[in-house]
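Visitor: Hi, could you walk me through this structure? I'm new to this, so plain words please.

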Amino acid sequence: MNRKKDGYLLLENVISITIISIILLILYYSLFFTYNLKNKLESKVELQQQSNEIMKYIENVIENSNGIISINSKDFKDNEVISANSIKCRYNDTNLNKKDKEISFKENLNKIFINSLNNSGNSEPGGYEIGDYVEKIYTKTSRDKHFVNIKLVLYKDGETIEKESNINIRNFKGD
């Protein structure tokens, strides 16, 4: 008796479905991994760009000032690294009509702003935002107050980046 084989056996179907399932599972996890990697890289790049941009503004404000008026912090310690909420810079020059400036960190918003200060040393309305994703800003001044060290910590989507700069106050006029 010669039987003609027309079709698949049940075992052949089970094996082919298992192979297809394994291939689909590998594809799904590779796509999922690639998507997560892409998001992490995008977050890292955005944090690097933000930190560079923020530091550029901070360096400009501090370098071109006549000195630091004050650094406001919850944990102030003289000549030590502190977590800052505000850095007030002296610009006041009545001849050139320049106002003092403040770099302020709004912790609840994770943003940094630059504001002008009025004659009583308080922020005027209408400052501008210079950056997002800021977790902390650390500062330290040199003993002679000519240099300010700034360290930014930025955070987004599980990624953290730190940026540090030592800034020389070019137009320092002392206390």
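Guide: Sure, and one set of words first: a residue is buried under 20% relative accessible area, exposed over 50% and partly exposed in between, using a 1.4 Å probe and counting protein chains only. This is a predicted model, where local features need pLDDT of at least 70, side-chain atom pairs count only at pLDDT 80 or more, and totals for chains, interfaces and linings use all residues. Residues are numbered from 1 along each chain as its sequence is written, and side-chain values use heavy atoms, with hydrogens and water left out.

Visitor: OK, let's use those words. Is K56 buried, partly exposed or exposed?

Guide: K56 is partly exposed, because its relative accessible area is 46%. Its side chain meets that of E53 in a salt bridge, 3.2 Å from N to O. A salt bridge here is a side-chain nitrogen of Lys or Arg within 4 Å of a carboxyl oxygen of Asp or Glu.

Visitor: And what about E53, buried or partly exposed?

Guide: Partly exposed, since E53 has a relative accessible area of 33%. K56 and E53 are 3 residues apart in helix α1, so about one helical turn separates them. Helices (H or I, at least four residues) and strands (E, at least two) are DSSP runs, numbered from the N terminus.

Visitor: How many salt bridges are there in total?

Guide: By that rule, 11. One of them pairs the side chains of K40 and E159, at 3.7 Å from N to O. That pair links distant parts of the chain: K40 is in helix α1 and E159 in strand β8, 119 residues apart.

Visitor: Are those two buried or exposed, then?

Guide: They don't match. K40 is partly exposed because its relative accessible area is 48%, whereas E159 is buried at 12%.

Visitor: Which residues does E159 touch?

Guide: Leaving out residues up to four places away in sequence, E159 touches K40, S43, K44, L47 and L154. Contact means heavy atoms within 4.5 Å. K44 also turns up in a network of salt bridges with K40 and E159.

Visitor: Any other salt bridge to look at?

Guide: Try E107 and K136, whose closest N and O atoms are 3.5 Å apart. E107 lies in the loop between β3 (101–106) and β4 (111–116) and K136 in strand β6 (residues 134–141), so the pair ties together parts 29 residues apart in sequence. E107 counts as partly exposed, because its relative accessibility is 33%.

Visitor: New topic: which residues have the most contacts inside the largest nonpolar core?

Guide: They are I58, I62, I112, I137 and I150, in a core of 27 residues. α1 gives the largest share of this core, 6 residues. A nonpolar core means a set of buried Ala, Val, Leu, Ile, Met, Phe, Trp, Tyr and Cys residues joined through side-chain atoms within 4.5 Å.

Visitor: What does I58 touch?

Guide: Setting aside neighbours within four places in sequence, I58 is in contact with I103, I112, I130, I137, I150, L152 and I167.

Visitor: I see I137 there again. What is its bridge partner in β7?

Guide: L152 is the partner of I137 in β7. β6 and β7 run antiparallel and are joined by 7 bridges. Two strands pair if DSSP finds at least two bridges between them. β6 also runs antiparallel to β2, with 2 bridges, and I82 stands opposite T139 in β6.

Visitor: Anything odd about the backbone?

Guide: Look at phi. Most residues other than glycine have a negative phi. N110, in the loop between β3 and β4, has a positive phi near 60°. D157 sits in the loop between β7 (147–156) and β8, with a positive phi near 50°. In the hairpin of β6 and β7, which has 5 residues between the strands, K145 takes a positive phi near 70°.

Visitor: Is D157 buried or exposed?

Guide: Exposed, because its relative accessible area is 57%.

Visitor: Last one: which residues make the nonpolar surface patch?

Guide: L9, L11, I15, I19, I20, I23, L24 and L27 make it, about 780 Å² of it. Patch residues have over 30% relative accessible area and no salt bridge, with like charges joined within 9 Å and nonpolar side chains (Val, Leu, Ile, Met, Phe, Trp, Tyr) within 5 Å. Accessible areas come from the Shrake-Rupley method with a 1.4 Å probe, and for residues only the protein chains shown count as cover. L11 lies in helix α1 (residues 10–63) and is exposed, because its relative accessible area is 59%.
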